[in-house]
Amino acid sequence: MKEFDPGEAASIISVTEKVRPVAIGMPVTSVHFLGDTAAFVGAEENVAMVSGQGEISRVSVHGGGILCAASDGSRIVMGGDDGKLVALDAKGGVTLVATDAKRRWIDNVALHPDGAVAWSAGKTAFVRSGKAEEKSFDVPSTVGGLAFAPKGLRLAVAHYNGVTLWFPNMVATAEVLEWAGSHLGVVFSPDNKFLVTAMHEPALHGWRLADNRHMRMTGYPGRVRSMSWSVGGKALATSGADAVIMWPFASKDGPMGKEPAMLAPLQARVSAVACHPKQDILAAGYSDGTILMVRLQDGAEILVRKNGTEPVSALAWNAKGTLLAFAAEDGDAGLLAL
Amino acid sequence: MPELTSSKIPVTVLTGYLGAGKTTLLNRILSENHGKKYAVIVNEFGEIGIDNDLVIGADEEVFEMNNGCICCTVRGDLVRILDGLMKRKGKFDAIIVETTGLADPAPVAQTFFVDEDVQRNARLDAVVTVADAKWLSDRLKDAPEAKNQIAFADVIVLNKTDLVSRPELAEVEARIRAINPYAKLHRTERCQVALADVLERGAFDLDRILEIEPEFLEAGDGHDHHDHDHHHDHGHNHGGLKHYHDEDMQSLSLRTSKPLDPAKFMPWLQDLVASEGQKILRSKGILAFSDDDERYVFQGVHMMLEGDHQRAWKDGEPRESRLVFIGRELPEQMIRDGFESCITT
C-alpha cells in the first residue's frame with residue numbers, strides 16, 4: 001500500500017451499542033418474529049422465545065434435530081428428524097401438525113398465507129389446506145425445497161433436475177420445469193412471475209413462468225443458502241459470495257441479460273440476508289460474524305455486529321420493520337430496535 | 001490445520017456385495033462396548049438389530065454435477081443427510097455409511113471432495129469393503145460392482161473364511177491382490193475384526209499417506225490351484241506365490257529416485273485424470289520435486305485430486321517419488337511414458 005488508508009471500519013456508522021445482546025445458549029439455525037417476540041429456532045429440540053422486554057423462555061418442539069422451519073408471522077411450523085411436523089404460536093403453544101407414518105425426516109416445510117401448510121419427507125410432498133384433507137404427491141427424487149405461489153394453491157417442489165409445480169386441488173397433471181442438477185431451495189417472486197431455485201452447485205436458476213424462459217445466475221464461490229426479496233419484489237438478495245448479490249427483478253425480463261448488484265463486500269462470505277419489509281434496506285450476516293445494514297440505492301453501510309465470531313446463521317425483521325433479530329451459529333444472538 | 005481436521009466427524013463407508021456380511025459388521029460395530037456413539041446411514045431399515053435413534057434411511061440418489069465431467073457424481077441424499085446430522089453435532093462421534101450391495105463407492109467418496117458444507121463438517125475416513133471368501137471369486141467374474149468395491153477399498157474384510165479351504169482362501173486373496181494390492185486385508189469369520197482395523201483409519205487424510213507399499217501376500221500353501229480361463233498368470237511371483245493379473249482392473253505403481261519437475265508433473269497429472277479419470281478409480285502419491293525440501297502428497301478419486309505439501313524430507317530419507325493408480329483398463333504405457341517425461345534429467 002503506497003498511501004495511508006484509514007480503512008472503512010473507522011468511518012462506518014455503528015449501532016452496535018444499541019443492540020440488546022441475547023444469550024440463547026444453544027446453536028441457532030433461524031429466527032422468526034411472532035408479533036414482537038423473536039423466536040430463535042435451535043438446531044435441535046428447542047425454540048428460544050425472546051419477548052420485547054428481553055425475557056427468554058425455552059419451548060421444546062422436537063425430540064431431535066430441527067431440520068426446517070417456516071413462519072407466516074403468527075406461527076412457526078417446523079419439521080424434525082423425529083418425523084414430526086409441529087407448529088409454535090406466539091404464546092408458546094405447541095401443536096402437532098402431522099407425524100410421518102414411517103417416521104422419516106421432515107426435510108422441508110412451506111406456509112401459504114391462507115393457512116395451508118406443505119411439507120416433505122423423502123420423495124413425497126404433502127399439503128394440508130384449511131378444511132381439505134391431506135394430499136400428497138411424489139416426485140422422482142428427494143424433495144430439495146418447497147414454496148407456495150403467492151396466489152392460488154400451487155406448490156413448487158424442487159428436486160433433482162428441476163422443479164415440479166403441483167396444484168393440489170386440481171386434477172390437472174403437474175407441470176415440470178427442467179434444469180439439470182440438484183435444486184435445494186425454491187422461491188416465487190412476490191408478483192408470481194418468476195421462480196428461482198438455489199442449486200447444489202454454487203448457482204441459482206430461474207424461470208419466467210409466463211414462457212418458462214431460463215435464467216442462469218452463476219458466479220458464486222459458495223452455495224446459496226439464504227435468499228430474500230427486497231420490498232415490492234424488485235430484487236432478490238442472496239448469500240454465497242463475499243458481497244450481497246442482488247439480482248434485478250423489477251422489469252418483465254427479470255435478471256435476463258443483466259448484471260447483479262454487489263453490495264457490502266467484505267473479506268468474508270455472506271451467510272444470511274434479510275430484506276427490510278417496508279424500506280429499501282437489507283441486513284446481511286457474514287461468515288466471520290459481521291452484520292451490516294445496507295441501503296439498497298447507494299450501498300451505504302451501518303455496522304450492527306462486529307466480526308470475530310461464528311458465522312451468522314439467523315437474521316429476521318419483524319413485520320413492521322422496527323426490530324432486527326440475529327444469531328450466530330453458536331447461539332450468540334441480539335435484538336436491535338430501530 | 002490439525003485442530004480443523006480433528007473437529008471434523010469421521011465417516012466410514014461400508015461397502016460389499018450382497019450377502020458378504022456388511023450388516024453383521026455393522027451390528028458388531030454398534031453393539032461392541034467401545035464407548036462411542038455412531039450415526040448410521042443405511043439403505044434397508046430393519047436389518048440393524050440395535051436400537052439407535054441415529055439410524056437414518058437413505059435412498060442412494062446419485063446425482064451428476066453440472067461441471068461437464070460425466071464421472072463426477074455425488075450422493076445427493078448424503079449431502080442432505082449429513083447436513084441434517086450436523087444439527088445434532090455432539091450426539092455422536094462418527095458416521096458410518098452403508099451402501100447397497102450393488103453400489104459404486106465413487107459417488108460417496110466424491111461427495112466429500114465436491115461439497116463445501118460436507119467438507120467443513122465431516123471427513124471421509126476410509127472405504128471398508130466386506131467380501132465373501134466363498135463367493136467373491138465368482139462375483140469378480142460376473143459382477144462389475146464387486147470388482148469396483150474391491151478396487152476402491154482401503155480396508156478389505158475377507159469374511160466367511162471358515163467356509164473355504166486354505167487353497168480356496170489363497171486363491172481369493174490372490175484375486176483381490178491382482179486388483180488392489182494396497183488395501184489392508186483382514187481374514188474374518190462372522191466379521192470378527194478388531195474395530196480399530198476398520199474405523200479411524202485416516203485413509204483419505206493427506207497427512208497419513210505415509211506408505212503406499214503393497215501388502216504382500218503371506219506365504220501360504222495354496223500353490224496348486226488352477227487358473228480360470230479368462231485369467232492368466234503373468235509370472236511375477238512374489239516369494240513364490242501365485243500372482244494374478246486381472247484383465248480389466250489393475251493397479252499401476254510408478255517410482256523414481258530422481259526428482260520430478262513440478263512444472264511438468266502437475267499439468268501431466270491433471271491432464272491424465274481429466275482424460276482418463278473415468279478409468280482411474282483411486283490414485284495416491286508421495287512426490288519429491290526438484291528444488292523442494294518438502295514432500296508433496298496427493299490423492300484422487302476419478303477426476304478429483306487434492307494435494308499438499310506434507311512435511312520436510314528427513315535427513316537421510318531417500319527422496320523418492322511413488323505413485324499408485326488403481327483403475328479399469330489403465331493405459332499403462334501411456335502413463336509410464338508420461339511419468340518418465342516429468343523426471344528431471
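This is a walk through a structure with two chains, A and B, starting with how to read the model and ending with a few single residues.

Please keep in mind that this is a predicted model, where local features need pLDDT of at least 70, side-chain atom pairs count only at pLDDT 80 or more, and totals for chains, interfaces and linings use all residues. Residues are numbered from 1 along each chain as its sequence is written, chains are lettered from A and ligands numbered from 1 in the order in which they are written, and side-chain values use heavy atoms, with hydrogens and water left out.

Let us begin with confidence. The model scores ipTM 0.88 and pTM 0.88. For chain B, the mean pLDDT (the predictor's confidence in each residue, from 0 to 100) is 85, and 84% of the residues of chain B reach 70 or more. Within chain B, confidence is highest in strand S8 (residues 155-159), at a mean of 96, and lowest in strand S10 (residues 232-233), at 42. Two stretches of chain B deserve caution. Residues 1-5 of chain B stay under 50 in pLDDT, and the model gives them 2 contacts beyond four places in sequence; a contact here means heavy atoms within 4.5 Å. Residues 216-240 of chain B also stay under 50, with 50 contacts beyond four places in sequence.

Now to chain A. Its secondary structure comes to 1 helix and 30 strands. Helices (H or I, at least four residues) and strands (E, at least two) are DSSP runs, numbered from the N terminus. The C-alpha trace of chain A spans about 65 × 50 × 30 Å along its principal axes. With 338 residues, a compact globule would have a radius of gyration near 20 Å, and chain A agrees with that, at 20 Å; this radius is taken over C-alpha atoms, and the globule rule is 2.2 Å times the number of residues to the power 0.38.

Of the 338 residues in chain A, 57% are buried; buried means under 20% relative accessible area, exposed over 50%, and partly exposed in between (1.4 Å probe, protein chains only). Among the contacts in chain A with a separation of 6 or more, 41% are between residues 24 or more positions apart.

Chain B has 10 helices and 16 strands. Buried residues account for 55% of its 345 residues. When contacts in chain B between residues at least 6 apart in sequence are counted, 74% join residues at least 24 apart.

Finally, some single residues. Ala43(A) sits in the loop between strand S4 (37-42) and strand S5 (44-50) of chain A. Is Ala43(A) buried or exposed? At 6% relative accessibility, Ala43(A) counts as buried. Leaving out residues up to four places away in sequence, Ala43(A) touches Pro27(A), Thr29(A), Gly65(A), Ile66(A) and, from chain B, Lys87(B). Val244(A), 201 residues from Ala43(A) in sequence, is 25 Å away in space, C-alpha to C-alpha.

Arg103(A) lies in another loop of chain A, between strand S9 (94-99) and strand S10 (108-111). Arg103(A) is exposed, with a relative accessible area of 52%, and its phi is near 60°, a positive value in a residue other than glycine. Chain B offers a further case: Glu60(B), in the loop between strand S3 (55-57) and strand S4 (62-64) of chain B, has a positive phi near 50° and is likewise a residue other than glycine.
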